[in-house]
Amino acid sequence: MSEDSQKPVATGDIELLQPPDLPMDADAILKDFMHYFGRMLGRRTIQSKSPYLYQAVVYAARDRLMERWARTRMAVQRNDNRRVAYLSLEFLMGRMLRNALLNLDMEQASNEALSRLGLELEEVYEREHDAGLGNGGLGRLAACFLDSCATLALPVVGYGLRYQYGMFHQRISNGHQVEDPDAWLREGFPWELERFEYAQVIKFGGHTSSYTDAKGEIHHTWDDTHNILAIPFDIPIPGYRNNIVNTLRLWSAAATDEFDLTEFNAGSYVDAVAAKNAAENITMVLYPNAATEQGQQLRLRQQYLLASASLQDTIRVWLERHDGFDEFAAKNCFQLNDTHPAVAVVELMRLLLDEHHLGWDSAWDLTRGTMAYTNHTLLPEALETWPVSMFERLLPRLLEIIYEVNARLIVDVSQRWPGDDKRIARMSLVQEGGEPMIRMAHLAIVGSFSVNGVAEMHSRLLKGGLFRDFAELWPHKFNNKTNGVTQRRWLAACNPALAELITSRIGDSWITNLDALCGLRKFVDDETFQADWRQVKNANKQRLAEVIHEKTGLHVPTKMLFDVQVKRIHEYKRQLLNVLHAVHLYDRIRRGDGEDLVPRAIIIGGKAAPGYVMAKNVIKCIHNVASVINADPAMDGRLRLIFFPDYNVSAMELICPAAELSEQISTAGKEASGTGNMKFMMNGALTIGTLDGANVEIRDAVGEENFFLFGMTVEEAQALQGHYKPQSIIDADADFSRVMRLLDSGHFSRFEPGILDAVIQSVREATDPWITAADFRSFIDAQQSAGEAYKDTVTWTRMSILNTAASGEFSTDRTMAAYNDGIWNLDPIVLPDK
């Protein structure tokens, strides 16, 4: 047998015969539902608000997923497919039941089954908690990727962390954000399967040593470590009606010894469970606050646990079927979703060098042949760096490997650019200074064969700016893969009325081939179709208005333009610019200059990171301005400013179908891509935005006449650096001056003097990197144009239809096909005959 030949299945493994697939009709689903509800969950009385009703429906659906899941795994194993492990610290899955039933083609039969009991499937959907496994666009993108990979039958396994408490619940108290724990697992998570037999040991701390063997070869060991267990929980990811079910594997941290009986018997009850608590803290919370050293250590522990457990698991699967690593790189790829899993580069080296005894050159070739890195940010401060001292305490063996990789990198750079010490300092994996830091993005680039951005502009700016030195050294590594969203969740599932209307005209092929939406162009001037389109939008607006009233007490007439900005609260996303526009409209109406203004509901939603003070100040500013606007009788029916609290995936599924104007107003050159812009476009919203991220490609696709452009370009913003004078801009603009005078006067903070000072002052700062003041006038003018366009119902409807029709290229099906063609080179899974 050759070193890397495939092993037979171990003789102790018994493969059970697969029974016939379970029926998918209403009778069979009802029978299974009753079985789980009564016999497994032990319930007799059906209550629509009980979690057990939802759980029984999930178990009935999961049985049908299990059959397909097993066949998918068997096919990948027997065909020895090349596979991708997709490592991401976030997977923002949202609710899973509706998507699963849609992909299994079970929704209609399930609804019929429940209706026989006097129940509605929609009520069951509402009982599901959002899976708290992500924060924002990064995690939601990862979830969309998994959906598309399964639909395209690509053998991709997602690896993440099973956080006990996910992204916090947001509560607003006197306009301030208050964070409450998101105990999303409290009622159980019936989608997951614990796979304790595949637990991995993760090392921290200790020290390293080396020895020379009889052949004179030097070996390294990592000794006296504090070990924990990473226990996997698997979640099925179904493709759309193709019988493929891929896997999302989430790691949960646990102690190797959970309970010290000696300590307990001695009365030290806290000490008896100290190891258990310390281990479980690692996967307790998504993104612990990194403002403290303890928080930073916890984040690094999270990232290392994800990388080490996932790599060990992949190697375990490989060695079950192969001897040696000769073909490992030909059959495996690790896609690093942003910089968080970058430590995987040196952890794979450690495993190959120390655990499997490969030589350095072989291990490095294998590592660089399997690692691929996706960058998601243009903000230098968002590229993670870790103190060398922290690595030395927590991951000493990995630090040694980093130093060796860095030394070899410096040799390569010196040979290419002799004597260029400044370039060496810029490219080094170690940032020197008072506190030397490890540059994780640099590590990811050096250790990967592919480095991609997520929009054409973003990729161009990476190569020409942030990573220019590396792009000049290895131009072949850099490429673009524009993000997308899955139309199955973000149109078919969340906007069924629009999906039905579209299907009635062009068929349903768009569900797996979004380019088919271009067929809507032939109906763009059809008066009946336009009327139907408006009817769907108005119904979605009414649904959102009812939820807004329930959550905030505000009445929002559906005749208003629904002007929406929902996303993570961050200065570069410029929710503050949106507030300035709201104040401008308020001022115009108050001065009697608002008769021609279109009635407008400005809806803002999003969460600020707990330690991000300025973002939380912006939330307070939004609420203070909103409280004045919404309490003024002169604004009734003309202007509303709404903050939608506790924004999450489920909220977006409600908001997205109702939105008419999509605010994508980040400073040019700061947003990598954005995916909310794509979801809104797909559902017929028009975009007002800068030439930033994927906005550029959206505008190209839909045509400049169907996009409200404003703001400085990247080049203009860069040219402004060093001589930006926001106060001069304010003074030269009468509208802007009135807005700032209102804010300065305390009109929006009468009983809280000074509470908004930091936010107001940020607009005037000459060092403001977001150049909010510079884009004010252009933004106001673009908003005026949008308002005028909205008055012409027929024209607006036409533009709305054209936006949906042009959204075909923004499907993650296209994105994943591009990843596969340009990076992964996977063959689709071929299922065995039943």
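This is a guided tour of a predicted model, moving from one selection to the next.

**A buried serine in a loop**

Begin by selecting S88, which sits in the loop between β1 (83–87) and α3 (97–104). With a relative accessible area of 0%, S88 counts as buried, because the cut-off for that class is under 20%. Display the side chain of S88 and look for two partners: the backbone oxygen of E90, reached at 2.6 Å, and the side chain of N337, joined to that of S88 by a polar contact of 3.0 Å. If you then set aside the neighbours within four places in sequence, the residues in contact with S88 are A142, Y159, G160, L306 and N337.

**Two aspartates with positive phi**

Next select D338, in the loop between β11 (332–337) and α12 (344–355). Its phi is near 75°, a positive value in a residue other than glycine. Most residues other than glycine have a negative phi. Is D338 buried or exposed? At 11% relative accessibility, D338 counts as buried.

Move on to D224, which you will find in the loop between β8 (218–223) and β9 (226–238). D224 is not a glycine either, yet its phi is positive, at about 55°. Here the relative accessible area is 63%, and D224 is therefore classed as exposed.

**A glutamine in strand β3**

Now select Q170 in strand β3 (residues 169–173), a residue that is buried, with a relative accessible area of 5%. Which backbone atom lies 2.9 Å from a polar atom of the side chain of Q170? The partner is the backbone oxygen of G606. To see the wider surroundings, select the residues that Q170 touches beyond four places away in sequence, namely Q177, V178, G606, K607, I619, F643, F644, P645, D646 and Y647.

**A helix pair**

Select helix α23 (residues 575–590) together with helix α24 (residues 613–631), whose axes come within 10 Å and cross at roughly 15°. Since angles under 35 degrees count as roughly parallel, α23 and α24 are therefore roughly parallel to each other, and their crossing is left-handed. To view the contact itself, show Q575, L576, V579, A582, V583 and Y586 on the α23 side, and V618, C621, I622, V625, V628 and I629 on the α24 side. The residues of this contact divide into eleven nonpolar, one polar and no charged.

**A phenylalanine in strand β17**

Select F478, which belongs to strand β17 (residues 478–480) and is buried, with a relative accessible area of 9%. Leaving out residues up to four places away in sequence, F478 touches I445, V451, K463, F467, F470 and A471. You can also draw a C-alpha to C-alpha distance from F478 to T374, where 104 residues of sequence separation correspond to 9.9 Å in space.

**A serine in helix α13**

For the last stop, select S362 in helix α13 (residues 360–368). Its relative accessible area is 45%, and S362 is therefore partly exposed, whereas S88, where the tour began, is buried. A second distance can be drawn here, between the C-alpha atoms of S362 and F325, which are 37 residues apart along the chain and separated by 9.4 Å.

Key: Residues are numbered from 1 along each chain as its sequence is written. This is a predicted model: local features need pLDDT of at least 70, side-chain atom pairs count only at pLDDT 80 or more; totals for chains, interfaces and linings use all residues. Side-chain values use heavy atoms; hydrogens and water are left out. Axes are lines fitted to C-alpha atoms, for helices over the stretch in contact, and angles run from 0 to 180 degrees between N-to-C directions. Helices (H or I, at least four residues) and strands (E, at least two) are DSSP runs, numbered from the N terminus. Angles under 35 degrees count as roughly parallel, over 145 as roughly antiparallel, 65 to 115 as roughly perpendicular and the rest as oblique. A crossing is left-handed if the near helix is turned anticlockwise from the far one by less than a right angle, and right-handed if clockwise. Contact means heavy atoms within 4.5 Å. Ala, Val, Leu, Ile, Met, Phe, Trp, Tyr, Cys and Pro count as nonpolar, Asp, Glu, Lys and Arg as charged, and the others, Gly among them, as polar. Buried means under 20% relative accessible area, exposed over 50%, partly exposed in between (1.4 Å probe, protein chains only). A polar contact is a pair of N or O atoms within 3.5 Å; within protein, one must be able to donate a hydrogen and the other to accept it, and residues adjacent in sequence count only if both atoms are side-chain atoms.
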